[in-house]
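Subject: Structure handover

Hi,

Here is the structure I promised to pass on. Have a look at it first, and my notes follow underneath.

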Amino acid sequence: MASILTTVRDLERLRQIAAVLAVHGFGEVVDRTGLNTLIPGRKREDGGRMPAGIRLRKVLEDLGPSFVKLGQIMSTRPDLIPDEILVELKKLQDDVPPESFEAIREQVERELGCELSEVFETFDEQPLASASIAQVHRARLRDGDDTLDVVVKVQRPRVQAVMARDVDLLYWLAKAIVRSMPESHLYRPISLVEEFDRSVAAELDFLLEADNHERFTANFEHNPHAKFPRVYRRASAKRVLTLEYLEGRKVYDAERAGVSGELMAKRAVEIIVQQIFEDGFFHADPHPGNIIILGDDDDPVIGMVDVGMVGRLSPKMRDRVVDLVLAAVREDYGGLADALYAIGRPTHKINRDAYDAEVAMLAQRYLGKRLKEIELGPLIRDLVMGSRKFGVEVPSEFLMLGKSLMTVEGIGKEIYPELDLLEEVRPHFLQLFQKRYSPERMTEDAFRGLRRLGAAATEMPLQLEEILEDLRNGAFSIRTQQTQLESAADRLGRRTFSGFVVGSLIIAGAILLSQESYWLGGIALGASAFYGALHTARVWLLGHPEP
């Protein structure tokens, strides 16, 4: 989180952020958050004439790599970000000028603790690719008397400090926006920055990415249609990652060269379905740049790279997602609503009838078509947005799953327009369903339940003994908390007291009048009327307290 010292230290960066926001028509944000004090005398800009999505994209591009990364994270949240802004955020390109070779050499040698020539026989000075966090170079890795063709991913020098500074400023800015613009709660700016913070922290540690590569390789060891590059640990560190070089073509180049689009699309779907629904560990950013087509033209192999961003699904979440997709395949609207409700986390009590009707209405837009016309990705996106309207928060891992499916489905339909995703996943889901209710799985679940029950039964006597011991020693107490009880008792006491006072004055006045003490009786009745009117006015002016 940003501290005062951090904000003061980075005053110039804050000034830059404020100026860029103002230039692109977000002057109201600058004014309401107090950033206008950093850019006195600014002129009114006409950037507000352009659509908000374009203006936001230009802001993120002008502010540099950290903000581009934030925009890419935002583009994965269709439950928070409107469609017209999502379209623009998806255009953000993580492409920046490369670092000098001398800076890269120093970074590699510092991380590996030796001269570059001791590890690599050759190291290309020109990078294959250059992004905000790292750039990739081809090299020849020394391996005894032989050499291996590899790629070396090198983190940009100082990028960690720059990212940390920008994350701090983003926290500060998000808090300022929430504090000064209550309507921004709808977009949950602080949660978006927290998600960005976690994502960047993971991507900055290349050893975690190496672990991801090795796990994917183990998961697809027996699948000849999938390939993940081998990791060379002896030439890798936290900021340097050396991987096997995959000789292949990009998806669209392979299609133009005559590789079957149908075969590539179906194999890509097969791979992502295994990752999500069988392994619970999936590539969260399978865009075309991260897919390489290997092998022969008539037997393509799908290679996947850049696995720094991954998603994970627990076994329970996988079961719930399977229920969701099976309900979609069967066009079971009630089952869809139940599965989606189980996946999410309700933030308050909701009207299930209205919720079920909303899910059914959204699903009918997609499931009423022929199977090959159904788009599973947009269906999941709309269901998530519908759930959010009712206060059902959907976990980020499910949103990452939806993004991965949408990306693969989009690529697949570009190279093979007849791709029917639901039809392709149906056999996989039937197998998963059979495994889920197989005697082995049910026996395993039963044993797990028995173990938990046995543990509870073992602990219960000890817990009861502790309770009885506390009772014997007088140390047992029960505490209840009722936030409205104290104020309600206070109101009741005040009103009862006022009632006694007014009633007593009326009775006293009546007795005095009957004794022909008209002066004193009149005073008592007048006082009762005045006190009653005063109490009524007090209650009216202060308003009725919440129940």
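Let's start on the surface: Met460, Leu464, Ile467, Leu468 and Leu471 form a nonpolar patch of about 480 Å². Patch members have over 30% relative accessible area and no salt bridge, with nonpolar side chains (Val, Leu, Ile, Met, Phe, Trp, Tyr) joined within 5 Å and like charges within 9 Å. A salt bridge here is a Lys or Arg side-chain nitrogen within 4 Å of an Asp or Glu carboxyl oxygen. Areas are Shrake-Rupley with a 1.4 Å probe, and for residues only the protein chains shown count as cover.

Before going on: this is a predicted model, where local features need pLDDT of at least 70 and side-chain atom pairs 80 or more, while totals for chains, interfaces and linings use all residues. Numbering runs from 1 along each chain as its sequence is written, and side-chain values use heavy atoms, without hydrogens and water.

Leu464 sits in helix H20 (residues 439-473); helices are DSSP runs (H or I) of at least four residues, numbered from the N terminus. Leu464 counts as partly exposed because its relative accessibility is 46%, between buried (under 20%) and exposed (over 50%), with a 1.4 Å probe and protein chains only.

Now for the second largest pocket, which holds about 890 Å³ of space. A pocket is an open set of points on a 1 Å grid over the protein atoms alone, with protein on both sides within 12 Å along at least five of seven lines; lining residues have an atom within 4 Å of a point. Points are joined across faces, edges and corners, and the volume is the space filled by probe spheres set on them. Its lining has 29 residues, with Phe26, Val29, Leu56, Met74 and Ile177 nearest the centre. H4 contributes most to that lining, with 6 residues.

Cheers

Methods. Helix = DSSP H or I, 4+ residues; strand = E, 2+ residues; numbered from the N terminus. 1 Å grid on protein atoms, 1.4 Å probe; cavity = no way out; pocket = protein on both sides within 12 Å on 5 of 7 lines; lining within 4 Å.
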